[in-house]
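The exercises below each set a task and then work through a solution step by step. Please keep the sequence and the structure in view while reading.

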Amino acid sequence: MIKEVIVVEGRDDTVAVKRAVEADTIETGGSAINEATLRKIELAMERRGVIIFTDPDHAGERIRKIVAKRVPGCKHAFLREADATKAGDIGVENASPEAIREALERVRTEAPPEEEAAPAQIDWEDLMAAGLIVHPRAAERRRFMGERLGIGYCNGKQFYKRLAIFRISREEFAGALAQLETKEAKNE
């Protein structure tokens with residue numbers, strides 16, 4: 001049984017999560033998340049904690065941002081796009097129970113707002129040196145790094161923010177980068 005309440009987008013996501021783990025969910029009803037749902041999520045956060053587990057697409061990211069802004073301190077679980085895609089459709093409901101369990105095991109907690117204001121451990125120069133921005137394959141490299149770090153795929157600016165929000169250490173970053181470089185060396 002997962003202690004926290006898992007925030008998902010819809011009924012099919014709840015069914016998929018419950019196939020994988022024993023947990024309670026709150027459904028946002030898609031990207032049209034309303035005030036009553038946000039209040040339920042706030043109450044769940046006060047009583048049990050919340051894990052945001054939305055689809056790895058634009059709508060899922062929009063919902064994640066809305067909930068995280070309204071309810072600070074949430075935990076986040078990210079599915080790899082490949083694990084959530086079936087016949088061209090992207091969503092938690094398409095993921096296998098194993099992929100869902102793996103994503104929930106790699107949950108990341110947001111830094112409190114006062115810690116977010118602290119200087120980031122990884123700066124823009126680190127991202128450039130790692131080829132995660134201003135690089136011909138930056139998007140592909142960020143996808144790999146996001147999966148390894150458990151923070152999901154996003155653009156360069158959002159990736160930089162997530163590194164700070166989820167307090168990714170230089171050691172974690174270096175480890176994931178080493179895996180990326182090993183993978184690329186094998187593929188050459």
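**Exercise 1. Locate Lys157, decide whether it is buried or exposed, and state how far it lies from Trp124.**

Step 1. In this predicted model, Lys157 belongs to helix 8, which spans residues 156-165.
Step 2. The relative accessible area of Lys157 is 55%, and because exposed means over 50%, Lys157 counts as exposed.
Step 3. Between Lys157 and Trp124 there are 33 positions in sequence, while their C-alpha atoms are 9.2 Å apart in space.

**Exercise 2. Describe the surroundings of Gly152, starting from its place in the chain.**

Step 1. Gly152 sits in the loop that connects helix 7 with helix 8.
Step 2. Its relative accessible area is 9%, and since the limit for a buried residue is under 20%, Gly152 is classed as buried.
Step 3. Leaving aside residues up to four places away in sequence, Gly152 touches Phe78, Gly146 and Arg162.
Step 4. Gly152 and Ala103 are separated by 49 residues in sequence, with a C-alpha to C-alpha distance of 9.9 Å.

**Exercise 3. Which residues of helix 4 are buried, how are they arranged about its axis, and what covers them?**

Step 1. Helix 4 covers residues 97-105, and its buried residues are Ala99, Ile100, Ala103 and Leu104.
Step 2. Viewed down the axis of helix 4, these buried residues fall within an arc of 130°, and therefore they line one face of the helix.
Step 3. As background, an α-helix has 3.6 residues a turn, so residues three or four places apart point the same way.
Step 4. Glu98 and Glu105 are exposed residues on the face of helix 4 that is turned away from its buried side.
Step 5. The cover over the buried residues of helix 4 includes strand 1 (5-8), helix 1 (11-20) and strand 3 (50-52).

**Exercise 4. Place Glu110 in the chain and decide whether it is buried or exposed.**

Step 1. Glu110 is part of the loop between strand 7 (108-109) and helix 5 (113-116).
Step 2. With a relative accessibility of 9%, Glu110 counts as buried.
Step 3. Glu110 and Gly150 are 40 residues apart in sequence, and their C-alpha atoms are 12 Å apart in space.

**Exercise 5. Examine the backbone of Ala87 and Val134, and state where each residue lies.**

Step 1. Most residues other than glycine have a negative phi.
Step 2. Ala87 has a positive phi, near 55°, although it is a residue other than glycine, and its place is in the loop between strand 5 (85-86) and strand 6 (89-90).
Step 3. Val134, likewise not a glycine, has a positive phi of about 50°, and it is found in the loop between helix 6 (124-129) and helix 7 (138-149).
Step 4. Ala87 counts as exposed at 85% relative accessibility, and Val134 also counts as exposed, at 75%.

**Exercise 6. Describe the fold of the protein chain as a whole, using its elements, extent and contacts.**

Step 1. The protein chain contains 9 helices and 7 strands.
Step 2. Its radius of gyration is 17 Å, which agrees with the value near 16 Å for a compact globule with 188 residues, and its C-alpha atoms fill a box of roughly 45 × 40 × 30 Å along the principal axes.
Step 3. Buried residues account for 47% of the 188 residues, and of the contacts with a separation of 6 or more, 62% link residues 24 or more positions apart.
Step 4. The chain exposes about 9800 Å², of which carbon and sulfur atoms supply 50%.

Notes
Residues numbered from 1 in each chain as written. Predicted model: local features only at pLDDT ≥ 70, side-chain atom pairs only at ≥ 80, totals over all residues. Heavy atoms only, no water. Helix = DSSP H or I, 4+ residues; strand = E, 2+ residues; numbered from the N terminus. Rg over C-alpha atoms; globule rule 2.2 N^0.38 Å. Buried < 20%, exposed > 50% of the residue type's maximum accessible area, 1.4 Å probe, protein only. Contact = heavy atoms within 4.5 Å. Areas by Shrake-Rupley, 256 points an atom, 1.4 Å probe, with all protein chains shown as cover. Arc of directions from axis to C-beta.
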